[in-house]
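Colleague: I have some questions about the terms you use for this model. Could you take me through them?

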Amino acid sequence: MTMTDAAAGRPTTPTLGAITHVALTVRDLDVSVPFYRELVGADPVLDEDTGPFRHVVFAMGDTLLGLHVFPEGIEDVAHTPRRRGLDHVSFGCADRSELVAWERRLDEIGIEHGGIVDAHYGSGLSFKDPDGLPLELFCPPSA
């Protein structure tokens, strides 16, 4: 048996695809939906009560961003990236000039942010949603 024959008989590991959606648990959709509508620049594509939770979903290209709220409420503790689970959600920018445009846009709509931070691996602009969930806009390093 050759190595090719052995490899052919072994099951292959499927390739993990792109992230299709991110779901964030929020405290109040009446506060979070307007925030994300302004940030995304579009209305939600779905608003559905499934029973166990209600979710409002925004389409951003091939990725969906869902906001979930639970009828029994949520734990009333502040988010920290040091707790197991979500650290932050990062949205892509083509280049630093687009990141600068986003910095101006956040200023225009009154969203506090930490300013653009440049690193050897790229540049980021961090801010938080109404529930204190950490969000970022990120672009690759300049060529």
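Modeller: Happily, starting with a hairpin: S7 and S8 form one with 5 residues between them, and Gly 132 in the turn has a positive phi of about 85°. Do keep in mind that this is a predicted model, where local features need pLDDT of at least 70 and side-chain atom pairs count only at pLDDT 80 or more, while totals for chains, interfaces and linings use all residues. Residues are numbered from 1 along each chain as its sequence is written, and side-chain values use heavy atoms, with hydrogens and water left out.

Colleague: What makes S7 and S8 a pair?

Modeller: Strands pair if DSSP finds at least two bridges between them. S7 and S8 are joined by 6 bridges and run antiparallel, so they pair under that rule. One of the bridges has Phe 127 with Leu 135 in S8 as its partner. The strands themselves are DSSP runs of E with at least two residues, and helices are runs of H or I with at least four, both numbered from the N terminus.

Colleague: Which strands make up the sheet around them, and in what order?

Modeller: The order is S5-S8-S7-S6, an open sheet of 4 strands with mixed pairing. S5 and strand S6 (113-119) are its edge strands, each pairing on one side only. S5 and S8 run parallel, joined by 4 bridges, with Val 89 opposite Leu 135 in S8. S6 and S7 run antiparallel over 5 bridges, and Ile 116 has Leu 125 in S7 as its bridge partner.

Colleague: Why is S8 called largely enclosed?

Modeller: Buried means under 20% relative accessible area, exposed over 50% and partly exposed in between, with a 1.4 Å probe and protein chains only. In S8, 5 of the 6 residues are buried, so the rest of the structure largely encloses this strand.

Colleague: How do you know that Ser 123 is buried?

Modeller: Its relative accessible area is 6%, and the cut-off is under 20%, so the label applies. Ser 123 lies in strand S7.

Colleague: What makes the pair of Ser 123 and Asp 118 a polar contact?

Modeller: The term needs N or O atoms within 3.5 Å; within protein, one must be able to donate a hydrogen and the other to accept it, and residues adjacent in sequence count only if both atoms are side-chain atoms. The two side chains make this contact at 2.5 Å, which is within the limit, so the distance fits.

Colleague: How do you know that H3 has the expected length?

Modeller: The expected span is 1.5 Å times one less than the number of residues. H3 has 13 residues and reaches 18 Å from first C-alpha to last, close to the 18 Å expected. Just after H3, Gly 110 takes a positive phi of about 75°.

Colleague: What makes the largest nonpolar core a core, and which residues touch the most other members?

Modeller: A nonpolar core is a set of buried Ala, Val, Leu, Ile, Met, Phe, Trp, Tyr and Cys residues joined through side-chain atoms within 4.5 Å. This one has 25 residues, of which Tyr 36, Leu 67, Phe 127, Leu 135 and Leu 137 touch the most other members. H2 gives the most to this core, with 5 residues.

Colleague: Why are S1 and S2 called edge strands?

Modeller: In the open sheet S1-S4-S3-S2, strand S1 (21-25) and strand S2 (46-49) each have a single partner strand, so one side of each is left without a neighbour in the sheet. S1 pairs with S4 in the parallel sense over 5 bridges.
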